[in-house]
Amino acid sequence: MSLNIASGPWSYGRMALSSKLRLRPHPSHLDYIVELQQAKEKKTSWIIREVSNHMAFTETEKPTEMSAEKKVKKRKNWNNKIQFLLNRNPQPRLALRRKKPYGPSVDDVNQWAQSLDKLLNHKYGKTAFRLYLKSEFCEENIEFWMACEDFKLLKTRREKVTKAKKMYKEFIKPDAPKEINLDYQTRDNIIQSLDDPTTTSFLAAQKKVYSLMENNAYPRFIHSDFYKELFAAARAKEEHIKS
């Protein structure tokens with residue numbers, strides 16, 4: 001499915017309940033991505049999958065392998081994405097009308113730099129952090145952390161077993177597609193609990209992953225061009241609204 005943006009953040013073909021349905025979100029638009037993540041909870045995960053497949057940025061090289069020219073291009077791309085995020089109004093047919101400006105404010109972005117906890121507890125902050133990590137090809141930790149948060153909300157044993165085994169295959173199992181870095185004991189404890197998991201089955205692993213993000217990925221995010229340009233754009237927008 002192509003993601004060419006003809007006009008605005010979304011463009012439509014003929015609406016039909018078939019494979020010809022054309023729903024084209026702009027992958028950098030935090031507001032829409034947050035709404036799509038909420039839609040996932042309502043079992044519309046097929047939409048999420050289409051967005052997730054195109055969240056990665058156009059560069060194929062890792063940051064350390066990029067030429068100077070491509071680094072400049074990437075920085076310009078960040079700026080374009082941020083401007084789009086902060087300066088476009090949401091389509092009323094896909095988002096509720098808002099009485100206040102949508103998207104992160106200067107105060108929001110400032111608070112994200114205070115702690116990882118504040119970043120992850122803010123819907124735009126968590127989404128921005130995840131997008132940044134995707135651009136760095138290291139999103140497995142934030143996705144595992146989010147999966148752990150979802151796991152804590154499950155009530156029935158059946159739900160927990162299904163979710164636990166899915167998380168094991170995706171994040172824990174050796175050579176898993178999004179394998180996280182865990183010590184033998186933590187990994188083994190999870191394996192032993194798979195047939196009868198409890199709310200705390202992934203707690204030790206989640207704490208280790210949180211610590212890794214706090215000491216590594218989070219500082220990089222706060223000092224990244226993406227964060228700096230997002231802050232500058234949010235400030236410019238607020239100044240424009242006041243004028």
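In this report a residue is called buried when its relative accessible area is under 20%, exposed when that area is over 50%, and partly exposed in between. The structure described here is a predicted model.

## Overall architecture

The secondary structure of the protein consists of 11 helices and zero strands, so that, read from the N terminus, the order of elements is α-α-α-α-α-α-α-α-α-α-α. The protein has 243 residues, of which 44% count as buried. Among the contacts made between residues at least 6 apart in sequence, 61% join residues that are at least 24 apart.

## Helix H9 and its two sides

Helix H9 covers residues 184-193, and its buried residues are Thr 186, Arg 187, Ile 190 and Ser 193. Viewed down the axis of H9, these buried residues fall within an arc of 130 degrees, and they therefore line one face of the helix. The cover over the buried residues of H9 includes helix H8 (157-172) as well as H10. On the face turned away from this buried side, H9 carries the exposed residues Tyr 184 and Gln 192. At the start of H9, a side-chain oxygen of Asp 183 comes to within 3.2 Å of the backbone nitrogen of Gln 185.

## Helix H6 against H10 and H7

Two packed helices are described by the angle between their axes and by the distance between those axes. For helix H6 (residues 123-135) and helix H10 (residues 203-222), the axes come within 10 Å and cross at roughly 90 degrees. Angles of 65 to 115 degrees count as roughly perpendicular, and the crossing therefore makes H6 roughly perpendicular to H10. On the H6 side the contact is formed by Ala 128, Phe 129, Tyr 132 and Leu 133, which meet Met 213, Ala 217, Tyr 218, Arg 220 and Phe 221 of H10. Sorted by class, this contact of H6 with H10 has eight nonpolar, no polar and one charged residues.

H6 also packs with helix H7 (residues 140-152), in this case at an angle of about 145 degrees and with the axes 9 Å apart. Here Lys 126, Phe 129, Arg 130, Leu 133 and Lys 134 of H6 meet Ile 142, Glu 143, Trp 145 and Met 146 of H7. By class, the contact of H6 with H7 has five nonpolar, no polar and four charged residues.

Phe 129, which lies in helix H6, appears in the contact with H10 and also in the contact with H7. Phe 129 is buried, with a relative accessible area of 0%. When residues up to four places away in sequence are not counted, Phe 129 touches Leu 116, Leu 119, Leu 120, Ile 142, Met 213, Ala 217, Tyr 218 and Phe 221. The C-alpha atoms of Phe 129 and Trp 112 are 9.7 Å apart in space, although the two residues are 17 apart in sequence.

## Lys 118 in helix H5

Lys 118 has its place in helix H5, which spans residues 116-120, and at 38% relative accessibility Lys 118 counts as partly exposed. Not counting residues up to four places away in sequence, Lys 118 touches Gln 111 and Trp 112. The C-alpha atoms of Lys 118 and Asp 108 are separated by 9.3 Å, with the two residues standing 10 residues apart along the chain.

## Loop residues

The loops that join several of the later helices hold three residues considered here, and the table gives their locations and accessibilities.

| Residue | Loop | Relative accessible area |
|---|---|---|
| Phe 137 | between H6 and H7 | 36%, partly exposed |
| Asp 175 | between H8 and H9 | 73%, exposed |
| Ser 224 | between H10 and H11 (225-242) | 7%, buried |

Phe 137 has a positive phi of about 60 degrees, although Phe 137 is not a glycine. Asp 175, likewise not a glycine, has a positive phi of about 65 degrees. For Ser 224, a polar atom of the side chain lies 2.6 Å from the backbone oxygen of Phe 221, and Phe 221 is itself one of the H10 residues that H6 meets.

Conventions. Residues are numbered from 1 along each chain as its sequence is written. This is a predicted model: local features need pLDDT of at least 70, side-chain atom pairs count only at pLDDT 80 or more; totals for chains, interfaces and linings use all residues. Side-chain values use heavy atoms; hydrogens and water are left out. Axes are lines fitted to C-alpha atoms, for helices over the stretch in contact, and angles run from 0 to 180 degrees between N-to-C directions. Helices (H or I, at least four residues) and strands (E, at least two) are DSSP runs, numbered from the N terminus. Angles under 35 degrees count as roughly parallel, over 145 as roughly antiparallel, 65 to 115 as roughly perpendicular and the rest as oblique. Contact means heavy atoms within 4.5 Å. Ala, Val, Leu, Ile, Met, Phe, Trp, Tyr, Cys and Pro count as nonpolar, Asp, Glu, Lys and Arg as charged, and the others, Gly among them, as polar. Buried means under 20% relative accessible area, exposed over 50%, partly exposed in between (1.4 Å probe, protein chains only). The arc is that of the directions from the helix axis to the C-beta atoms. A polar contact is a pair of N or O atoms within 3.5 Å; within protein, one must be able to donate a hydrogen and the other to accept it, and residues adjacent in sequence count only if both atoms are side-chain atoms.
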